[in-house]
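Dear colleague,

Please find the structure below, handed over for your consideration. My notes on its empty spaces and helix contacts come after it.

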Amino acid sequence: MDKQIVLAAAGSGKTFYVANDFDVSERVILISFTNSNVDNIRKEVRKRFGGTVPPTVQILTFDSFVYNNLLKPFEPISMFPYIRSSGVDICSTPVEDPRQPSYIKKEEPGHFINSNGQYFVSRMGKLFLEQDKGYKNIVLARLGKYCDAIYFDEFQDYNGADFKTMKYLLEKTKIRVTAVGDIFQSCLTRARGASSPFNKINSVADLKKKLSNKIMVNESELIKSRRVPPSVCEFIKSNLGIKIDSASTVNAAIITPTEVENIHQIMIDSHIPKLIWDSRSKHVLGNNYVNWTYSKGDTYSQSCVILTDKTSQKDQWRSIRSVKTRNALYVALTRSEGDLYLITNENYKKWRKYADSLQVKDK
């Protein structure tokens with residue numbers, strides 16, 4: 001189990017796992033894709049170690065890890081040995097289309113670095129992968145000398161060369177590498193520089209096809225959600241076809257109101273988040289709207305999911321063709337620790353008309 005991908009159900013405790021799985025004597029690097037997730041990991045590590053982060057534990061964003069451990073120290077032996085970088089450009093978007101006059105080929109440093117000597121953040125993984133075998137062997141040897149284990153949090157957020165870089169480290173390093181995540185929470189953010197490798201993954205079998213036999217896929221350790229109640233897990237398995245079990249003991253209800261007056265009470269209740277495909281469609285009388293995709297990582301005591309026209313019939317959920325739509329729906333359904341309200345698109349539109357009439361009366 002030196003190289004493994006741990007499949008984690010929504011609410012199963014991915015952050016806790018990453019912060020607690022390693023031995024206290026190990027030198028580890030804990031990596032996540034976003035600053036907010038890095039902060040969450042840091043909080044969990046501090047809980048474990050009495051309020052501090054030990055000097056043997058590094059907690060980094062993926063981009064910081066690549067820059068400081070795979071590129072910057074090795075510039076004198078890189079494919080562009082005369083380059084000395086001055087940081088990372090997180091704002092610019094380099095030209096991707098080779099047909100454009102301003103496109104710079106990958107054989108030239110300008111493909112990877114801007115005029116100020118900063119690496120384009122979206123191409124750092126690609127630059128590492130373009131290096132020769134000797135370069136990569138030296139990088140791996142250095143990692144093995146100063147690190148015992150690497151953990152990647154939320155592996156499903158990695159795209160293109162970033163995913164390939166993570167996969168390379170899983171396959172090639174001699175140290176222990178673990179990637180934790182949920183394939184059914186992928187494709188929810190805009191891919192950086194390339195399409196997501198998960199846009200055609202509909203099952204664990206599909207994921208395994210993208211991995212070598214050196215990487216074990218752990219399907220059992222984090223399968224139980226500590227957040228999602230048993231009734232909701234069974235509902236998701238039956239209707240969406242995604243395997244998720246529950247470690248919760250909460251007896252929650254799945255409520256599908258149809259009467260407009262009942263829906264109105266839910267919509268004006270500020271304590272119930274309304275999860276909607278696009279929150280820009282919010283109504284003035286409603287409040288506490290959150291996009292399905294933006295709710296990823298959130299936990300609510302109860303929640304209301306407003307279904308789209310194409311997802312209003314749960315008997316058609318298994319035939320959803322868009323990976324993003326299916327995964328966004330899964331995320332929305334798994335945010336609540338308690339009761340889950342489901343409102344069809346038709347009933348939501350009826351409520352909007354009802355709410356409009358109330359405003360007219362008030363005037």
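The following paragraphs cover the basis of the notes, then the pocket, the cavity and two helix contacts.

This is a predicted model, in which local features need pLDDT of at least 70 and side-chain atom pairs count only at pLDDT 80 or more, whereas totals for chains, interfaces and linings use all residues. Residues are numbered from 1 along each chain as its sequence is written, and side-chain values use heavy atoms, with hydrogens and water left out.

The largest pocket (on a 1 Å grid over the protein atoms alone, an open set of points with protein on both sides within 12 Å along at least five of seven lines) has a volume of about 930 Å³. Volume here is the space filled by probe spheres set on the points, which are joined across faces, edges and corners. Of the 37 residues lining this pocket (those with an atom within 4 Å of a point), Asn-37, Asn-40, Glu-154, Lys-296 and Gly-297 are the closest to its centre. Two elements, α1 (14-20) and α2 (35-48), give two or more residues to the lining; helices are DSSP runs of H or I with at least four residues, numbered from the N terminus. The greatest contribution, five residues, is from α2. By class, the pocket lining has seven nonpolar, 17 polar and 13 charged residues. Nonpolar covers Ala, Val, Leu, Ile, Met, Phe, Trp, Tyr, Cys and Pro; charged covers Asp, Glu, Lys and Arg; the others, Gly among them, are polar.

There is one cavity of 30 Å³ or more, a cavity being a set of points where a 1.4 Å probe fits but cannot get out. The largest cavity holds about 60 Å³ of space. Its lining includes Glu-75, Phe-80, Tyr-119 and Gln-131, and divides into seven nonpolar, two polar and one charged residues.

Helix α5 (residues 133-146) takes part in both helix contacts described here. Its axis and that of α6 (residues 160-172) come within 12 Å and cross at roughly 70°, the axes being lines fitted to C-alpha atoms over the stretch in contact, with angles from 0 to 180 degrees between N-to-C directions. That makes α5 roughly perpendicular to α6 (65 to 115 degrees). Lys-136, Leu-140 and Leu-143 of α5 meet Tyr-168, Leu-169 and Lys-172 of α6, contact meaning heavy atoms within 4.5 Å. These residues comprise four nonpolar, no polar and two charged.

The axes of α3 (residues 62-71) and α5 come within 9 Å and cross at roughly 105°, so α3 is also roughly perpendicular to α5.

Yours faithfully

How values were computed. Angles under 35 degrees count as roughly parallel, over 145 as roughly antiparallel, 65 to 115 as roughly perpendicular and the rest as oblique.
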